[in-house]
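This report walks through one protein structure, from its overall layout down to single residues. The sequence and the model come first.

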Amino acid sequence: MTTAAPARPAAGRTTAVSEMARLLRLLFEVEREFLRTVTTLIYRVGEPELKYLLCQHAWESAGHARFLRERGRELSSFGTTESVRDSFRRIFNEATGTCTQDPLVLTAGFYQILKPALLSAYRHYLKVTDPLADWPSKKLVEEFIADEDRHAREIAPYLVGIDAREWSLHLTQALDDLGGWLGQETRLPLAANYGWQHAQTPFSHPATCNRGKYPTCSSAFSQDPTETPIVRSWLVDPKTDARVIRLMVYVWLMLEMDAVDYLATVFVDTPNAPFDLHHDMARHLWDESRHSQFGFRQLPKLGVDLMTVEHSLDLYNILVQMPPHERYAMMTMEFEAGSFPTKALVMDRVRELNDFEADTLLAFDRNDEQNHVRYGHRWLPEIMALCGETRPTDQFVKATQAKFKEFAVIHGNRTPHALPPERRLTGEKILRLVGAT
Ligand SMILES: [Fe+2]
Ligand SMILES: [Fe+2]
C-alpha cells in the first residue's frame with residue numbers, strides 16, 4: 001500500500017465530522033426557513049384548529065432548529081453565523097405564495113412537498129452517519145423523524161379534497177433543482193422558463209385575517225352588555241356573578257386568536273433576525289394559540305355555542321398597517337404588560353367557583369404572559385434595530401402607542417357585527433346563560 005501524504009492532512013483527519021456538520025447546517029437552515037414562512041399561513045387559513053396546529057408545528061420546528069444548531073456547534077465547521085443560503089430562501093419565499101392564492105393549497109405545498117423532502121433529508125442523514133461515532137445527532141434526528149411523521153398525520157385531515165397538483169409540481173421543480181435539501185438526489189436543473197412567482201409578486205399580508213365560518217366583529221370589549229360579550233366594568237365589579245366572569249374570561253382567552261394572527265405576521269417581516277428571536281417568538285405564538293384553545297375548548301362545555309361568539313378583528317386590522325417592530329411593541333409593552341391588574345382580579349373571582357380547571361388554565365396563562373413581557377424587554381431593542389429604529393426604546397414605545405391610537409381611528413371599527421344582537425353572545429346573554437340576575 002502506498003502512503004502518499006494528503007495535500008491537506010489536518011482537514012483530512014476530520015472530513016467525516018465536517019461532512020456531517022455540513023448536513024446538519026443544511027437541516028438547520030431548512031427548519032428555520034420553514035418557521036419563518038409557514039407562519040404566513042396562520043392568519044390566512046380560517047379554521048381555528050388548523051391555526052392551532054400550525055402554531056404547534058412552527059414551535060416544534062423552532063425546537064428542531066435549536067437542537068440542530070446546538071449539536072452542529074459541537075462539530076467543527078458548522079459555522080458561527082445563522083444566515084440562510086439564498087437557494088433555500090427563494091424556495092421558501094416561493095412557497096409563501098401570494099395573498100390571493102388558496103391558503104389550503106399553499107398549506108399543501110408546505111406539507112406535501114417541502115416537509116416530506118425534509119423528512120427524506122433526515123432519513124438520509126441517519127443512513128449516512130455512523131450510529132456510534134455520531135450518536136448524539138442520530139438520537140436527535142430519530143426524534144425529528146418521528147415528529148415529521150406525526151406532523152404529516154396531523155395535517156392530513158385539513159388537506160382532504162384540496163387539489164394542489166399544479167402548485168405542488170411548481171415547488172417540486174424548484175426543489176429538484178437542488179437535488180433535495182441535502183443534494184442527496186439527482187439534480188434536475190430548472191427549465192429556463194421557470195417563473196419565480198415571488199420575484200414578480202412579493203408576499204404581503206392580507207388586510208384582514210381569516211376566521212373561516214365563524215362570525216366576526218370589530219371588538220368583543222365594550223361597556224354595553226347588549227352589544228358585546230365582554231363588559232369591561234363587569235370584569236372588575238365585585239358584584240358581578242363569578243360564573244359570568246368565568247365565561248367572559250374564556251371569551252377573552254379564545255379571542256387571543258387575534259394575538260396568534262398578528263404575531264404570526266412578524267416572522268416573515270424579519271428575515272435577518274437572529275434565530276433566537278424567532279425561536280422565542282415561536283414559543284410566544286404557540287402560547288397564544290394555547291390560550292385561545294383554553295376558551296375554544298371550555299366555552300362549549302359551559303353551554304356556549306361557538307357560532308354565536310363573534311371574532312374580533314380590530315387588532316389584526318390595525319397592527320398589520322404598522323411595521324413589525326411597532327406590532328411587537330404594542331403587543332408586549334401595551335397589551336400584555338397592561339393586562340395583569342385586570343386578569344389578577346378576574347383570577348381571584350374565578351377562584352370562588354372551586355373550578356380547578358379554570359384556576360389552572362388562568363394560572364398558566366398568567367405565567368406565560370409574564371414570560372411574554374420578558375421576551376418583549378429582551379427582543380424589542382433587537383427588532384427595532386433590525387427595522388432601522390434608532391430612538392431610545394421608551395421614546396419609541398410612547399410614539400408607537402400614540403400612532404396606534406391614530407391608526408385605530410383609520411383602520412379600526414371597520415368590521416360590522418356579523419350577527420344581529422338576538423343571535424350573538426353578549427353580556428346580557430351570558431347573564432341569562434348562567435341564570436344570574
Ligand atoms: Fe395570551
Ligand atoms: Fe401573551
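What distance separates the centres of domain 1 and domain 2, taken over C-alpha atoms? The model is a predicted one, and in it the two centres are 31 Å apart. The domain assignment of the protein places domain 1 at residues 16–190 and domain 2 at residues 216–434.

**Where the domains touch**

The contact between the domains involves 21 residues of domain 1 and 20 residues of domain 2. On the domain 1 side, helix 2 (15–38) and helix 3 (48–74) each supply at least two of the touching residues. Helix 3 has the largest share of that side, with 11 residues. Sorted by class, the side of domain 1 that touches domain 2 holds 10 nonpolar, 5 polar and 6 charged residues.

**Overall form**

The secondary structure of the protein consists of 19 helices and 4 strands. The radius of gyration is 24 Å, close to the 22 Å that the globule rule gives for 437 residues, so the protein is as compact as a globular protein of that length. Along the principal axes, the C-alpha trace spans about 95 × 45 × 40 Å. Buried residues make up 43% of the 437. Among contacts in the protein with a separation of 6 or more, 83% are between residues 24 or more positions apart.

**Two helices**

Helix 3 and helix 10 can be set side by side.

| Helix | Residues in helix | Expected span | Distance between end C-alpha atoms | Buried residues |
|---|---|---|---|---|
| Helix 3 (48–74) | 27 residues | 39 Å | 40 Å | 19 residues |
| Helix 10 (242–254) | 13 residues | 18 Å | 18 Å | 12 residues |

The expected spans follow from 1.5 Å a residue, and the end-to-end distance agrees with the expected span for helix 3 and likewise for helix 10. Helix 3 is mostly covered, with 19 of its 27 residues buried. Helix 10 is also mostly covered, with 12 of its 13 residues buried. The buried residues of helix 10 include Arg243 and Arg246 as well as Val251, Trp252 and Leu253.

**The largest nonpolar core**

The largest nonpolar core has 112 residues, and within it Val251 and Leu285 touch the most other members. Helix 5 (residues 103–128) gives the most to this core, namely 12 residues. Both domain 1 (16–190) and domain 2 (216–434) contribute at least three residues each to this core. Val251 is one of the buried residues of helix 10.

Which residues does Leu285 touch, not counting residues up to four places away in sequence? They are Cys55, Ala58, Trp59, Val260, Leu263 and Ala264.

**Trp59**

Trp59 lies in helix 3. Is Trp59 buried or exposed? Trp59 has 20 other C-beta atoms within 10 Å, and a residue with 20 or more counts as buried, so Trp59 is buried.

Leaving aside residues up to four places away in sequence, Trp59 touches Ala282, Arg283, Leu285 and Trp286. Trp59 and Arg283 are 224 residues apart along the chain, yet 5.9 Å separates their C-alpha atoms. The contact with Leu285 also appears among the contacts of Leu285 itself.

Notes: Residues numbered from 1 in each chain as written. Chains lettered and ligands numbered in written order. Predicted model: local features only at pLDDT ≥ 70, side-chain atom pairs only at ≥ 80, totals over all residues. Core = buried A, V, L, I, M, F, W, Y, C linked by C-beta atoms within 7 Å. Domains from an automatic or database assignment. Contact = placed C-beta atoms within 7 Å. Nonpolar A, V, L, I, M, F, W, Y, C, P; charged D, E, K, R; others polar. Expected span 1.5 Å × (residues − 1). Rg over C-alpha atoms; globule rule 2.2 N^0.38 Å.
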